Amino acid sequence: MKVKVSNANTPNWKDITVKSTVPVELEKLVEISRNIWWSWNYEATELFKDLDPELWKESGHNPVFLFERMSYEKLEALSKDKVILKRMNEVYAKFRDYMDMKPDAARPSVAYFSMEYGLTSVLKIYSGGLGVLAGDYLKEASDSNVDLCAVGFLYRYGYFTQSLSIDGQQIANYEAQNFGQLPLDKVMDADGQQLVVKVPYMDYFVFAYVWKVNIGRISLYLLDTDNEFNSEFDRPITHQLYGGDWENRLKQEILLGIGGILTLQALNIKKDVYHCNEGHAALINVQRICDYVATGMNFDEAVELVRASSLYTVHTPVPAGHDYFDESLFGKYMSGYPQKMGITWDDLMGLGRTDPEDKHERFCMSTFACNTSQEVNGVSWLHGKVSQEMFSSIWKGYFPEESHVGYVTNGVHFPTWSATEWKQLYGKYFSENFMSDQSNPQIWEAIYDVADEEIWKTRQAMKNKLVDYIRRQFRESWLKNQGDPSRIVSLMDKINPNALLIGFGRRFATYKRAHLLFTDLDRLSGIVNNPDYPVQFLFTGKAHPHDGAGQGLIKKIIEISRRPEFLGKIIFLENYDMQLARRLVSGVDIWLNTPTRPLEASGTSGEKALMNGVLNFSVLDGWWFEGYRENAGWALTEKRTYQNQEHQDQLDAATIYSLLETEILPLYYDRNKKGFPEGWIRFVKNSIARIAPHYTMKRQLDDYYNKFYIKLAQRFKSLSANNNAKAKEIAAWKEDVVAKWDSIEVVSFEKVEEVMNGSIESGKEYTITYVIDERGLNDAVGMELVTTYTNPEGKQHVYSVEPFSVIKREGNLYTFQVKHSISNAGSFKVAYRMFPKNADLPHRQDFCYVRWFY
């Protein structure tokens, strides 16, 4: 018998979790570690760090992982450390005082939906500004003690980790997250099992586990499809943020919208207002309509209730930035929903088209969100105007400036983005109620009472902290991808905390114009190599893996940074995340932002820098268009000189160089006898006092309540009262108007000859009268005279809108009259607009029927 050399079967490995046994004396710390509250309360993070500084660093500043990695012996020793226990009890008392407050019942409750949330670098469920904004929003909702919950995804791989090849090419690394090591909890069902939500896709279900992140008093529910219930085609739905093809993107948006509402239903959560943060979650309104129709309402009645409680926030300034889906792909997954909604397939497609009759137009999530939400807003004043223009084709018959689309300018969560040193300084000089009244400009004016020297020392401390962080954090990666060790040593030595440090950190999309600084390399070399005025530029940011142009920009900057004249003067820091961002926005002297106008919807990195005494130097776009104040930063004009973008870039670059050479560098290096620049500190104080209070997340949250949430909740309450009586009444009224609209007739009109001929005198009043047959609509028609002018760019704008009054009624005949005058001489256009009127409508675009005549 021949004996086999080996005989082994394949093991069937099973994952097991071995949890550390934490002594009872330290259980309060474990409780805190599972609530993201620790991330914006420095007493908690300092305490975690002091448990084991080396392990804290190795754990990526993740307290859950810290306890998992800590040995039993170490934990036992800590449980007997009286100093640690005293600090723990102090932090825990603060935590419990915070957590035990009941939500403010006077303010409407909100359900918030977003594709990403930037809460901490530990939890990789964000890519950039949109996610960080959403994370800041939840933190402030907790601090402001409002009744809000949120829904998103728990990504297995999240967004990519960036590294660089030796030639400067971006490498995208997708690293799996171990959910058991993160500050989140499984949501359990009544049977003690993790809650699973079944989401309909075509003729099958996708199963999503539900997890919860505790963000202070706020719950964020995260959906996870990477489980054994799903096929290999559906497990990856929550693998990557903004990853995969368009089909996977649609599957993600179905999960976020329809699955998000089903999740709240499974948790018995019902809110007053439903807020879509970007169009990714627009399909929440499909499910909500289905739910109302299932109770016996028709579509028109259901959509009244859904609209009245929905807000859509757009963050994109160009139509190309929205998500569009081919009808065939959309139908593959959504064809079963029209029947549940009580409409036809063409009706559903029409809700996602600017022209419902155009069968070639793709379904746009943003258009659908606009059509099913009462309120829509941009994220800065300027972006609000851009959004009115961008969405104007949805509501034909009205000019962009007449649109109901509003705005709330983005802000930042002060406790997260203000460095500990600055928080301590503010706490020392500002009033005791500062944290609960952050948007009060009078409180911030106390910065003028702080000694210049103290401001300067704080700024220098932050710069040294940044430089130490760079040297410590990037030495290993630079040695790996830059080849020559001697050059890395030289580079480390050349990072100079005494130089003017200018930071540029953002997504590397081409419109952000990261290349602008490098337009004239000879002039730039002269600036960075001036021994009297040393200056260094720190660049960081990721390009989307499919954005070749953005990746090319990164490669170009790295190549330039390696040239002898720029070595140590231009530095690129890879893997821009929240941890690096916190160091940069508090450590540089100037935050540079150079987007192509008007493509920066808001931007918030400059607002974060603002909280740390860093000055902004930016194009007047996004938030800086509102925020800029003289002697508190620098601005590039928002006006275009050239239509040719290359020429405009050259002009803007020359302006940057000139401002650096003639204003910024001389101001920074004009030192007094004590060695600090009084003029620079004056700019810093002005920036903090005059700008900072207007860009906190506290102000942003209050704006959403005052501008949108309160009026939505009040109107929904009115429409849903008495078994939805008002909603049904409005729906029936609209149906009646639609049936009779085309038969409404102009019976007669009276106009003086000058008005008829289109030649009138400025300042003179003219009476115009119309008799309208409303066909039994019972005073449901309004009329107005619209006068427009044409601006120098050839665009038509509203000059005035003069409403007609009803002066007589005989049966169905209504006599309308207006006293018309134009105070300015010039060339104008006039026309008469008829529209349905009803005091119960929130705005004209809610029922956008218009007929023009002259």
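In this predicted model, N268 is found in the loop between helix α8 (246-266) and strand β9 (273-277). The residue is exposed, with a relative accessible area of 74%. Its backbone also stands out: the phi of N268 is near 55°, a positive value in a residue other than glycine. Most residues other than glycine have a negative phi. N723 gives another case, with a positive phi near 60°. This asparagine is found in helix α28 (residues 697-740). At 57% relative accessibility, N723 also counts as exposed, because the cut-off for that class is over 50%.

The loop of N268 leads to β9. Is this strand enclosed or open? Five of the five residues of β9 are buried, so the strand is largely enclosed by the rest of the structure. In a regular strand the side chains alternate between the two faces of the sheet. Both faces of β9 are covered. V273, H275 and N277 are buried on one side, and Y274 and C276 are buried on the other. Strand β1 (residues 110-113) pairs with β9 in the parallel sense, over four bridges. Within this pairing, A111 stands opposite Y274. Strand β10 (310-313) also runs parallel to β9, and four bridges join the two. Here N277 has T313 as its bridge partner. Y274 has a further contact of note: the charged end of R288 sits over its ring, 4.0 Å from the centre.

Helix α10 (residues 299-308) is another enclosed element. Nine of its 10 residues are buried, so the rest of the structure largely encloses it. These buried residues are F299, E301, A302, V303, E304, L305, V306, R307 and A308. An α-helix has 3.6 residues a turn, so residues three or four places apart point the same way. What packs over the buried residues of α10? The cover includes helices α9 (284-294), α12 (337-341), α13 (345-351), α14 (365-371) and α28, together with strand β10. The N-terminal end of α10 is capped by N298. A side-chain oxygen of N298 lies 3.1 Å from the backbone nitrogen of D300.

Helix α22 (residues 548-561) can be described in a similar way. The helix has 14 residues and reaches 20 Å from its first C-alpha to its last. This span is close to the 20 Å expected at 1.5 Å a residue. Its buried residues are G550, Q551, L553, I554, I557, I558, I560 and S561. They pack against helix α21 (521-528) and four strands: β3 (161-164), β4 (170-173), β16 (535-540) and β17 (570-573). D547 caps the N-terminal end of α22. In this cap, a side-chain oxygen lies 3.3 Å from the backbone nitrogen of A549.

Strand β22 (residues 766-773) lies later in the chain. Seven of its eight residues are buried, so β22 is largely enclosed by the rest of the structure. Which strands pair with β22? Strand β21 (residues 745-750) runs antiparallel to β22, and five bridges join them. Strand β26 (residues 813-820) also pairs with β22 in the antiparallel sense, over eight bridges. Across the β21 pairing, F749 has Y770 as its bridge partner. Across the β26 pairing, V771 stands opposite T815. F749 also has a charged neighbour: K751 lies over the face of its ring, at 4.9 Å from the ring centre.

Aromatic rings also meet one another in the model. How many aromatic pairs are there? The count comes to 58. A pair of aromatic rings is described by the distance of the centres and the angle of the planes. One cluster linked by ring pairs holds Y112, Y117, Y137, Y704, Y705, F708 and Y709.

Two further residues illustrate how distant parts of the sequence come together. V22 is placed in the segment before helix α1 (27-33). At 17% relative accessibility, V22 counts as buried, because the cut-off is under 20%. Beyond its sequence neighbours up to four places away, V22 touches V30 and L75. V22 and S79 are 57 residues apart along the chain, while their C-alpha atoms are separated by 8.9 Å. D449 lies in the loop between helices α18 (441-444) and α19 (452-481). At 62% relative accessibility, D449 counts as exposed. D449 and K685 are 236 residues apart in sequence and 9.6 Å apart in space, C-alpha to C-alpha.

Conventions:
Residues are numbered from 1 along each chain as its sequence is written. This is a predicted model: local features need pLDDT of at least 70, side-chain atom pairs count only at pLDDT 80 or more; totals for chains, interfaces and linings use all residues. Side-chain values use heavy atoms; hydrogens and water are left out. Buried means under 20% relative accessible area, exposed over 50%, partly exposed in between (1.4 Å probe, protein chains only). Two strands pair if DSSP finds at least two bridges between them. Rings of Phe, Tyr and Trp (its six-membered ring) pair if their centres lie within 6.5 Å; planes under 30 degrees apart count as stacked, over 60 as edge-to-face and the rest as tilted. A charge sits over a ring if NZ of Lys or CZ of Arg is within 6 Å of the ring centre and within 35 degrees of the ring normal. Contact means heavy atoms within 4.5 Å. The expected span of a helix is 1.5 Å times one less than its number of residues. A polar contact is a pair of N or O atoms within 3.5 Å; within protein, one must be able to donate a hydrogen and the other to accept it, and residues adjacent in sequence count only if both atoms are side-chain atoms.
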